[in-house]
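Welcome to this structure, and thank you for taking a look with me. Below are some notes to read alongside the model, one topic at a time.

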Amino acid sequence: MNDKVHNCSFCGAAQAPETPLIAGIEGHICEACVSLAHQVVTSWGRARALVGPLKSPPKPARIKEHLDRYVIGQEAAKETLAVAVHNHYKRLAVEASQPRRSLEDDDRVEIDKSNILLLGPSGTGKTLLASTLARIVGVPFVIADATTLTQAGYVGEDVESILMRLLDAANGNREVAEWGMVYIDEVDKLARQGETAHGTRDVSGEGVQQALLKLVEGTQVKLNPKGRKEGGESLLIDTRNILFVVGGAFAGLEKLLRRRLREGASGIGFHAVVSQPEATDKRDPHLYQETHPDDLRQFGLIPEFIGRFPVLVGLHDLDEAALVRVLTEPRNALVRQYQQLFAFEGVALTFTPEALSAIARKSIERGTGARGLRSVMEGLLQRAMFDLPSLSNVIGCRVDAPAVNGDRAIEWLHGPSEDNQPTERMSIGD
């Protein structure tokens, strides 16, 4: 019998009943080293997957099919985005497969990229659409906040910092980063504010728009990555093939759109027809889809910045039926998330259809769109989640419309007790 004690060839751990070793031809390895090696090899696989440009981008119908799994509604916006993204990366794939163009070759048509501007009320899915698109196409993706960007030389982030983050998302691969996607949120906060009372410069408004012009259109930017030694080589990134997507709620744009779309001419004088002001609570859900570049100029974006985003995608408010679908249909739907939290304690969480509709109506009243659904759910289930770990013999939790409206407490469903007593119900407040 061989009683020799072996050691792990990687970490040196001795073989023991609690530390078994896997034997090889010339060595042994423990469980901890196997897990570590798996993580290392997985990271290598991700790095190898991003070694070059896309060979064949997905078709628009395929892109929209994937978007439907995560984003509810916004059919027109998803179709527009699917076409724009497919055309952009199809152009890059064709150009990468063709030989380098010579000076004598003047017959080839060069297609410019079409950056995208998303506009719509808060909670309509602008950020989710952009991040889902990048995941579908499989390119490096970063989200930047326009409110943190300032002109060069001022406290804040420069626009070049966006490219630095994109390079990090590409694992330092410059060629892959040049095929990436950038989403700049809250771009409506860059609207021109005019001269302030104190005569200070608008360093985070129009100045940032001016700084983004060349970056968005396409230029070569020299980056000095942090951590490099003094005198080290800097990276030169070409932004001509980077797809820029910007988005914002553009609060106040509705007034400009209603003024332009209002039928009938207005005038002054005794015989002029007096136009009746529209009710402030009456909101057209598809109003943002009528946005023209001139509306954005009046809002405060400079014409040069607007011209860099030829694709305007207007998102509309979600109605009650759409919000109910948001609660239940996506893969990471809120109802499924909270049901999983209750399942950790062995409790089945159920919602009646009337309860889901009441949750959607509460979110609409708050005016925060789909983003307000989580706050409604948190307020509704907070007491239940507080009491859940302390309860025993509970198998279910039922939420109905009166519970959502605060007219009645949420009910617990208890299973049979040890003495085979029948099932009973108990409210949370009991």
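1. Let us begin with Ala16, a residue that is partly exposed because its relative accessibility is 24%, which falls between the 20% limit for buried and the 50% limit for exposed. Ala16 belongs to the segment that comes before strand E1, residues 21-23. Its C-alpha lies 9.0 Å from that of His6, and the two are 10 residues apart in sequence.

2. Now a step back to the whole. Please keep in mind that this is a predicted model. The protein chain contains 15 helices and 13 strands. Of its 430 residues, 40% are buried. The chain exposes about 25200 Å², and 51% of that is supplied by carbon and sulfur atoms. Among contacts with a separation of 6 or more, 66% are between residues 24 or more positions apart.

3. How confident is the predictor along the protein chain? The average pLDDT is 79, and 78% of the residues score at least 70. Confidence is highest in strand E10 (residues 348-351), with a mean of 94, and lowest in strand E13 (residues 424-427), with a mean of 50. Two stretches call for careful reading. Over residues 45-52 the pLDDT stays under 50, and the model has nine contacts beyond four places in sequence for them. Residues 227-231 also stay under 50, with two contacts beyond four places in sequence.

4. Two residues have a backbone angle to look at. Gln74 is not a glycine, yet its phi is positive, near 55°. You will find Gln74 in the loop that joins helix H2 (60-70) to helix H3 (75-97). With a relative accessible area of 2%, Gln74 is buried. Phe250, which is not a glycine either, has a positive phi of about 50°. Phe250 sits in the loop between strand E8 (243-248) and helix H8 (253-261). Is Phe250 buried or exposed? Its relative accessible area is 0%, so Phe250 counts as buried.

5. Strand E8, which comes before that loop, also holds Gly248. Gly248 is buried, because its relative accessible area is 0%. Which residues does Gly248 touch, leaving aside neighbours within four places in sequence? They are Leu118, Leu119, Gly120, Lys126, Val187 and Asp188. Ser122 is another residue to find on the model: Gly248 and Ser122 are 126 residues apart in sequence, while their C-alpha atoms are 8.1 Å apart.

6. Trp179 is worth a look too. This residue lies in the loop between helix H6 (174-177) and strand E5 (181-185). Trp179 counts as buried because its relative accessible area is 9%, and the limit for buried is under 20%. From Trp179 to Pro140 is 39 residues in sequence and 7.6 Å in space, C-alpha to C-alpha.

7. Next, a pair of helices. H11 (residues 320-328) and H12 (residues 334-343) pack with their axes 4 Å apart, at an angle of about 35°. On the H11 side, the residues that meet the partner helix are Val326, Leu327 and Thr328; on the H12 side, they are Leu334, Val335 and Arg336. Four residues of this contact are nonpolar, one is polar and one is charged.

8. Glu320 is also in helix H11. Glu320 is partly exposed, since its relative accessible area is 28%. Not counting residues up to four places away in sequence, Glu320 touches Ser357, Ala360, Arg361 and Ile364. With one of these, Arg361, there is a polar contact between side chains at 3.3 Å. Lys362 is 42 residues from Glu320 in sequence, and their C-alpha atoms are 9.6 Å apart.

9. The last stop is His414, found in strand E12 (residues 411-414). Why does His414 count as buried? Its relative accessibility is 8%, and buried means under 20%. What lies 3.3 Å from a polar atom of the His414 side chain? That is the backbone oxygen of Asn393.

Methods:
Residues numbered from 1 in each chain as written. Predicted model: local features only at pLDDT ≥ 70, side-chain atom pairs only at ≥ 80, totals over all residues. Heavy atoms only, no water. Axes fitted to C-alpha atoms, helices over the stretch in contact; angles between N-to-C directions. Contact = heavy atoms within 4.5 Å. Nonpolar A, V, L, I, M, F, W, Y, C, P; charged D, E, K, R; others polar. Buried < 20%, exposed > 50% of the residue type's maximum accessible area, 1.4 Å probe, protein only. Polar contact = N/O pair within 3.5 Å; in protein donor to acceptor, adjacent residues only side chain to side chain. Areas by Shrake-Rupley, 256 points an atom, 1.4 Å probe, with all protein chains shown as cover. pLDDT = per-residue confidence, 0-100.
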